[in-house]
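Me: I am new to this structure and would like a close look at one part of it. Please set the scene with the whole chain, then zoom in.

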Amino acid sequence: MTDRKEAVAYCLTFTDVYEDYPFSDKNWCVIRHHSNHKVFAWIFDRDEHTWINVKCDSEWRDLWRKAYRSVIPAYHLNKEHWNSIILDGTVPEKEIRRMIRESYDLTNKKGKEEKKKKNCKE
């Protein structure tokens, strides 16, 4: 995954989501859940590359940042909970998809409720 169209297309494969352009600057595309309108992917172009901001579990946040120089604290978002993935070809597509899926799960209210139920049973 190296460009904006590919990133948006992948994000739109998730269930119950939509593409939104909430700012007057059309460079910023967000992908939201229909059910709660929360954003799980902020997609924008910066420094000649497409970037994706994704929410991260605190257990993985620093691991991703240490593993790939193109995963950094999120541009324009809370750096404790969000990472930016710079699509410059250095992060394997499998890992980009994994980070996007995690962001989708973390911002999906239904997913959080199911995770809580699962943890209570264990």
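What share of the contacts in the protein chain with a separation of 6 or more comes from residues 24 or more positions apart? And how does histidine 37 sit in the model: where is its place, and what does it touch, not counting residues up to four places away in sequence?

Reply: First, a caution: this is a predicted model. Now the share. Residues 24 or more positions apart account for 46% of the contacts with a separation of 6 or more.

Next, the whole chain. It has 122 residues, and 43% of them count as buried. There are 4 helices and 6 strands. Read from the N terminus, their order is α-β-β-β-β-α-β-β-α-α. The accessible surface comes to about 7300 Å². Carbon and sulfur atoms hold 50% of that surface.

Now zoom in on histidine 37. Look in the loop between strand S2 (29-33) and strand S3 (39-46). Histidine 37 has a relative accessible area of 46%. Partly exposed covers the range between 20% and 50%, so histidine 37 counts as partly exposed.

What lies around this residue? Leaving out residues up to four places away in sequence, histidine 37 touches Tyr18 and Arg32. With tyrosine 18 there is also a polar contact, side chain to side chain, at 3.0 Å.

One more pair is worth finding. Histidine 37 and lysine 109 are 72 residues apart along the chain. Their C-alpha atoms are separated by 10.0 Å.

Technical notes:
Residues numbered from 1 in each chain as written. Predicted model: local features only at pLDDT ≥ 70, side-chain atom pairs only at ≥ 80, totals over all residues. Heavy atoms only, no water. Helix = DSSP H or I, 4+ residues; strand = E, 2+ residues; numbered from the N terminus. Buried < 20%, exposed > 50% of the residue type's maximum accessible area, 1.4 Å probe, protein only. Contact = heavy atoms within 4.5 Å. Polar contact = N/O pair within 3.5 Å; in protein donor to acceptor, adjacent residues only side chain to side chain. Areas by Shrake-Rupley, 256 points an atom, 1.4 Å probe, with all protein chains shown as cover.
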